[in-house]
Amino acid sequence: MNQPSIPDSEEEPVIQTVTEPLQQFLKQAAQPSEPTSSKTQQPGSVLPFRPVNRQPLAILTVLDDGNRETGETIRIRDSKFTIGREKGDLTLPFDGDLSGHHAELRCQKHKGRFRWFLLDKKSTNGSFVRAVRASLSRQSELILGGRRYRFQLPAAGHDPGETDALQTQAYRAPTRTLLEQHVPRLSETGRDEKKGRSFSLAGEAFMGTDSDCQIIVDDDPCLNPKHARFYQDSTERWMVEDQKSLNGVWIRVKKFALDKQTEFQLGQQRFRFQPSSS
């Protein structure tokens with residue numbers, strides 16, 4: 001039975017995951033060498049058998065608390081694997097931040113190639129992927145340290161018509177509120193508006209507990225002294241970059257291609273996904 005296709009999002013984010021440098025090295029190392037005769041072929045050059053007419057065996061690791069390496073290992077042999085608090089192939093009933101049917105891992109064959117995807121199932125608290133670097137859209141949501149933030153681009157400015165341009169107005173100094181309408185902001189979510197922090201991003205900014213950072217959050221024990229960098233690339237697109245922090249930079253996704261080893265978070269639980277068993 002054919003699996004339903006996965007719809008493309010309107011704007012696919014650019015997300016570089018933490019394992020990409022390693023994957024690039026392995027890809028180069030796996031390039032086929034020059035053909036050799038049967039007499040000179042070394043035993044180590046013979047490739048082990050791998051199935052080509054079915055999806056590869058994927059491995060999901062439910063990471064132990066506070067650990068990026070060890071946890072419960074699950075071998076996924078089906079083309080669909082669901083995760084939730086109340087129902088699914090894996091349930092975590094003790095995690096109140098998980099939705100009943102939170103996310104799905106799905107494998108599909110396209111143009112002769114098997115690809116795995118992480119699909120958020122309209123969960124309340126979202127699905128997050130750990131990244132070294134990621135592009136930021138108008139309402140991107142991030143986990144930095146132990147808190148969540150929303151990146152907000154300024155709204156489109158007022159385009160004065162001919163009548164407005166001809167009217168003379170008395171000069172008024174720009175207020176802080178007016179200035180903030182023209183620069184992006186990083187706002188803490190999940191808290192009362194009066195208690196949640198909000199930061200302006202007028203240019204390149206580092207976030208962390210260090211007093212030298214432009215964005216200082218000195219009461220978050222999960223944040224590094226210099227945790228993340230916000231900047232605009234050569235195309236003026238806003239980016240966030242992890243500064244080799246302990247707890248990482250996580251960005252919310254609706255659909256994400258799991259073409260390489262990837263870490264993701266659902267609710268308070270973190271996972272590592274390997275699309276192939278080797």
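Arg-237 is partly exposed, with a relative accessibility of 35%. I should say at once that this is a predicted model. The side chain of Arg-237 makes a salt bridge with Asp-233, and the closest N and O atoms are 3.1 Å apart. That is one of 16 salt bridges that the structure holds.

Staying in this stretch of the chain, Glu-236 sits in the loop between strand E15, residues 228–232, and strand E16, residues 238–242. Its phi is positive, near 70°, and Glu-236 is not a glycine. As a reminder, most residues other than glycine have a negative phi. Glu-236 is exposed, at 62% relative accessible area.

Now the two strands on either side of that loop. Arg-229 and Glu-241 form a salt bridge, 3.2 Å from N to O. Arg-229 belongs to E15 and Glu-241 to E16, so this pair ties together parts that are 12 residues apart in sequence. Is Glu-241 buried or exposed? Glu-241 is buried, because its relative accessibility is 13% and the cut-off for buried is under 20%. The pair also belongs to a network of salt bridges, in which Arg-229 and Glu-241 are linked with Arg-133 and Glu-204.

One more salt bridge, from another strand. Arg-106 and Glu-104 meet at 2.6 Å, again N to O. Both of these residues are buried.

A second positive phi turns up at Lys-111, about 55°, and this residue is not a glycine either. Lys-111 lies in the loop between strand E6, residues 103–110, and E7. With a relative accessible area of 78%, Lys-111 is exposed.

E6 and E7 bring us to a sheet. Five strands make up an open sheet in the order E5-E4-E6-E7-E18, and the pairing is mixed. At its edges are E5, residues 90–91, and E18, residues 255–257, each of which pairs on one side only. E7, residues 113–120, pairs with E18 through three bridges, in the antiparallel sense. Within that pairing, Leu-118 has Phe-256 in E18 as its bridge partner.

Next, strand E2, residues 58–63. How many of its six residues are buried? Six of the six are, so E2 is largely enclosed by the rest of the structure. In a regular strand, side chains alternate between the two faces of the sheet. For E2, both faces are covered: Ala-58, Leu-60 and Val-62 are buried on one side, and Ile-59, Thr-61 and Leu-63 are buried on the other.

E2 has pairing partners to go through. With strand E3, residues 71–76, E2 shares six bridges and runs antiparallel. There, Ala-58 is opposite Ile-76. With strand E20, residues 269–274, E2 shares four bridges, also antiparallel. In that case Ile-59 is opposite Gln-274.

E20 also contains Arg-272. This arginine is buried, at 16% relative accessible area. The C-alpha atoms of Arg-272 and Thr-70 are separated by 9.5 Å, while the two residues are 202 residues apart along the chain.

Last, some arginines on the surface. Which residues gather in the patch of positive charge? They are Arg-50, Arg-54, Arg-75 and Arg-77. Arg-50 is in the loop between helix H1, residues 20–29, and E2. Its relative accessibility is 41%, so Arg-50 counts as partly exposed.

Methods. Residues are numbered from 1 along each chain as its sequence is written. This is a predicted model: local features need pLDDT of at least 70, side-chain atom pairs count only at pLDDT 80 or more; totals for chains, interfaces and linings use all residues. Side-chain values use heavy atoms; hydrogens and water are left out. Buried means under 20% relative accessible area, exposed over 50%, partly exposed in between (1.4 Å probe, protein chains only). Helices (H or I, at least four residues) and strands (E, at least two) are DSSP runs, numbered from the N terminus. Two strands pair if DSSP finds at least two bridges between them. Patches are made of residues with over 30% relative accessible area and no salt bridge: like charges are joined within 9 Å, nonpolar side chains (Val, Leu, Ile, Met, Phe, Trp, Tyr) within 5 Å. Accessible areas come from the Shrake-Rupley method with a 1.4 Å probe; for residues, only the protein chains shown count as cover. A salt bridge is a side-chain nitrogen of Lys or Arg within 4 Å of a carboxyl oxygen of Asp or Glu. Lys and Arg count as positive and Asp and Glu as negative; His and the chain ends are not counted. The place of a charge is taken as NZ of Lys, CZ of Arg, CG of Asp or CD of Glu.
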